[in-house]
Amino acid sequence: MRILGIDTSCDDTSAAVVEDGVRVLSSVVSSQVDLHSRFGGIVPEICSRAHVQSLIPIVDQALQKAGVSLSSLETIAVTNAPGLVGALLVGVSVAKALAFCARLPLVAINHVEAHIFAARLMDNPPGFPYICLVASGGHTSLYLSRSEIEHEHLGSTTDDAAGEAFDKIAALLKLSYPGGPAIEKKARKGNPSAVHFPRTLLGKNSLDFSFSGIKTAVLYFMKGQDGEKRGKNVRDIQRADVAASFQEAMVDVLVDKTLRAVRRTGVKRVVLGGGVACNSRLRERMREAARKRKLALYLPPPGLCLDNAAMVAGQAFYRYRSGLVDGLTLDVLPRLVRARVPPSRNEKEIDEYE
Ligand code: KG4
Ligand code: ZN
């Protein structure tokens, strides 16, 4: 079964064709970074307009690369939650139009669930169950995945997402957007022990995250408010040291919480997903931790960690197979953060709609 997937939840316009949930026939991503970088973050209106302009050509490219026509597809899948409302609407409207014209079923996908699923598209995919840390610009959560479509929520950020913290601190350090790769690059020249930033763990048993404290700590540090106490002038501290120290603190928390989830559930398979999972220091530290604790670790390549539509088309196969098909009345749910457990698209969704 060939499925066309569409994702416009944030600032990437993506389309992909995936066969039987596992074989990626094409995956095309058009980044809007150039449009947003001068603002230091995503401007929602610019984002929606850019999706309107590029989505149809991107869908065409995905079909061409896969060597298939619209009429030879069996399903259309689209991200309808969570994300920027205007951006999601563009993807959902185009998906509905395509499904209507080609008389194909429509399958709605939760973007976070798609990130959890993405590792299943690796050459050596993880079996089930697995613990998944999803860390991106909009989400930071831990899940216990029991199947392609069953994800038990274990914990989430109570404030900023990890990627959002990277982006904000990069702006503070006058680095480019998106901040994650810029901080990683800068950090390579810095000392990760130069400054001790707080690691907020929210109590011994919590699997939730909080990144607002570290953000404020870096802000005050840069403003020089604690410069006197440390006997140093903040301006003398290399920005590379701040970047490296910030990154180290973030990685400490992400690794610690993931290991807590392993201990809590007894599940020894660990998967990373979302843009922050591209971070090489996080990957290195997760590898070390996995080696020590004899965990099976799955680190998807960057193309599967960052936003893409292959993860959407892939997961849709399993939802379709379970009868989870949606109609043309499908709406967007911009703030539906948690993945659905058990897979259902009724009461649970309403419960978790904030
Ligand atoms: O998953 P993604 O492409 O989009 C969302 O769903 O948000 O993730 C984008 C986020 C951005 O915040 C970006 O700064 C972060 O992932 N990111 C990184 C790295 N590459 C991307 N964060 C840390 N280190 C990286 N190398
Ligand atoms: Zn994402």
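Which strand does G273 lie in? The points below start there.

1. G273 belongs to strand β9. The model is predicted. At a relative accessible area of 3%, G273 is buried, because the cut-off for that class is under 20%. Beyond four places in sequence, G273 touches H115, C132, L133, V134 and A135. P301 is 28 residues away from G273 in sequence, and their C-alpha atoms are 9.5 Å apart.

2. Confidence comes next. Mean pLDDT for the protein is 92. A value of 70 or more is reached by 91% of the residues. Residues 342-354 are a weak spot: pLDDT stays under 50 there. For this stretch the model has 25 contacts beyond four places in sequence. Where pLDDT is low, the predicted coordinates should not be read in detail.

3. Now the interior. The largest nonpolar core has 49 residues. Those with the most contacts inside this core are I131, F197, F211 and F246. Strands β6 (130-135), β7 (140-147) and β9 (269-273) each give two or more residues to it. So do helices α5 (162-172), α6 (179-187), α7 (212-223), α9 (239-265) and α10 (280-293). Helix α9 supplies the largest share, 13 residues. Another core, of 31 residues, lies apart from this one. Among its members are V18, I109, V112 and C132.

4. What does I131 contact, leaving aside neighbours within four places in sequence? One group of partners is L142, Y143, L144 and L154. T258, A261, V262, T265 and V267 are also in contact with I131. R269, V270 and V271 complete the list.

5. T140 is found in strand β7. Is T140 buried or exposed? T140 is buried, with a relative accessible area of 0%. A polar atom of its side chain lies 2.7 Å from the backbone nitrogen of A162. Not counting residues up to four places away, T140 touches V134, A135, G155, S156 and T157. A161, A162, F209, F211 and L254 are touched by T140 as well. F211 is also one of the residues with the most contacts inside the largest core.

6. How many residues surround ligand 1? The count is 21. The closest are G137, D167, G180, E184 and G275. Two backbone approaches deserve a look. A backbone N or O atom of G137 is 2.8 Å from an oxygen atom of ligand 1. A polar backbone atom of G180 is 3.0 Å from an oxygen atom of the ligand. A side chain takes part too: an N or O atom of the D307 side chain lies 3.1 Å from an oxygen atom of ligand 1. Alone, ligand 1 exposes 550 Å², and the protein buries 91% of that.

7. S48 lies in helix α2 (residues 44-66). Why does S48 count as buried? Its relative accessibility is 17%, and the class takes in values under 20%, so S48 qualifies. Beyond four places in sequence, S48 is in contact with G86, A87 and V90.

8. F39 sits in the loop between α1 (33-36) and α2. F39 is partly exposed, at a relative accessible area of 43%. Along the chain, F39 and A162 are 123 residues apart. Their C-alpha atoms are separated by 20 Å.

Conventions. Residues numbered from 1 in each chain as written. Chains lettered and ligands numbered in written order. Predicted model: local features only at pLDDT ≥ 70, side-chain atom pairs only at ≥ 80, totals over all residues. Heavy atoms only, no water. Core = buried A, V, L, I, M, F, W, Y, C linked by side-chain atoms within 4.5 Å. Buried < 20%, exposed > 50% of the residue type's maximum accessible area, 1.4 Å probe, protein only. Helix = DSSP H or I, 4+ residues; strand = E, 2+ residues; numbered from the N terminus. Contact = heavy atoms within 4.5 Å. Near = heavy atom within 4 Å. Polar contact = N/O pair within 3.5 Å; in protein donor to acceptor, adjacent residues only side chain to side chain. Areas by Shrake-Rupley, 256 points an atom, 1.4 Å probe, with all protein chains shown as cover. pLDDT = per-residue confidence, 0-100.
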